[in-house]
Amino acid sequence: MATTHTTIWPCLTYRDARGAIAFLTKAFGFEERAVYARDDDPSIIEHAELRWPSGGGVMLGTHEKDDSPFGRRVPGNDSVYVVCDDPDRLFEQAVGAGAEVVRGLRDEDYGSRGFVVRDPEGNLWAFGTYGGE
């Protein structure tokens with residue numbers, strides 16, 4: 001049964017979560033929906049949600065925010081694939097915002113067009129027109 005609300009949320013961790021939010025919104029076009037900072041230290045993001053305009057989103061928080069398995073995750077090791085309608089425009093936007101190109105814009109033999117970039121903390125972001133089988 002199909003659903004119209006997001007049911008899978010990739011979760012990332014960043015040393016500078018506020019900087020990551022600024023980068024992800026500028027470079028890729030994510031929309032900031034929720035940011036919850038620690039009361040006694042606003043530099044620590046306990047939880048943030050960014051929505052992708054076409055549907056879905058990502059959650060993120062600050063690295064070492066606590067001793068839980070979530071707080072201890074190492075930043076910069078994640079990879080996310082995002083379906084987009086206009087990879088050419090998005091590639092120029094991402095590069096213009098400082099994303100490091102890992103694999104430039106190209107057409108794949110399975111019909112997708114896309115690219116891969118790295119965010120400032122090392123996570124890989126792949127964008128393409130392939131929407132799954």
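How many nonpolar, polar and charged residues are there, by class, in the lining of the largest pocket? By class there are nine nonpolar, five polar and no charged residues in that lining, where Ala, Val, Leu, Ile, Met, Phe, Trp, Tyr, Cys and Pro count as nonpolar, Asp, Glu, Lys and Arg as charged, and the others, Gly among them, as polar.

I should say at once that this is a predicted model, in which local features need pLDDT of at least 70 and side-chain atom pairs count only at pLDDT 80 or more, while totals for chains, interfaces and linings use all residues. Residues are numbered from 1 along each chain as its sequence is written, and side-chain values use heavy atoms, with hydrogens and water left out.

A pocket here is an open set of points on a 1 Å grid over the protein atoms alone, where a 1.4 Å probe fits, with protein on both sides within 12 Å along at least five of seven lines, and lining residues have an atom within 4 Å of a point. The largest pocket holds about 280 Å³ of space, the volume being that filled by probe spheres set on the points, which are joined across faces, edges and corners. Its lining has 14 residues, with P10, G55, G56, G57 and Y81 nearest the centre. Two elements, β4 (57-62) and β5 (79-83), each give two or more residues to this lining, strands being DSSP runs of E, at least two residues, numbered from the N terminus; the largest share, four residues, comes from β5.

The second largest pocket has a volume of about 170 Å³, and its lining includes C11, E46, H47, K65 and R73. In this lining the largest share, four residues, comes from β4, and the residues divide into five nonpolar, four polar and three charged.
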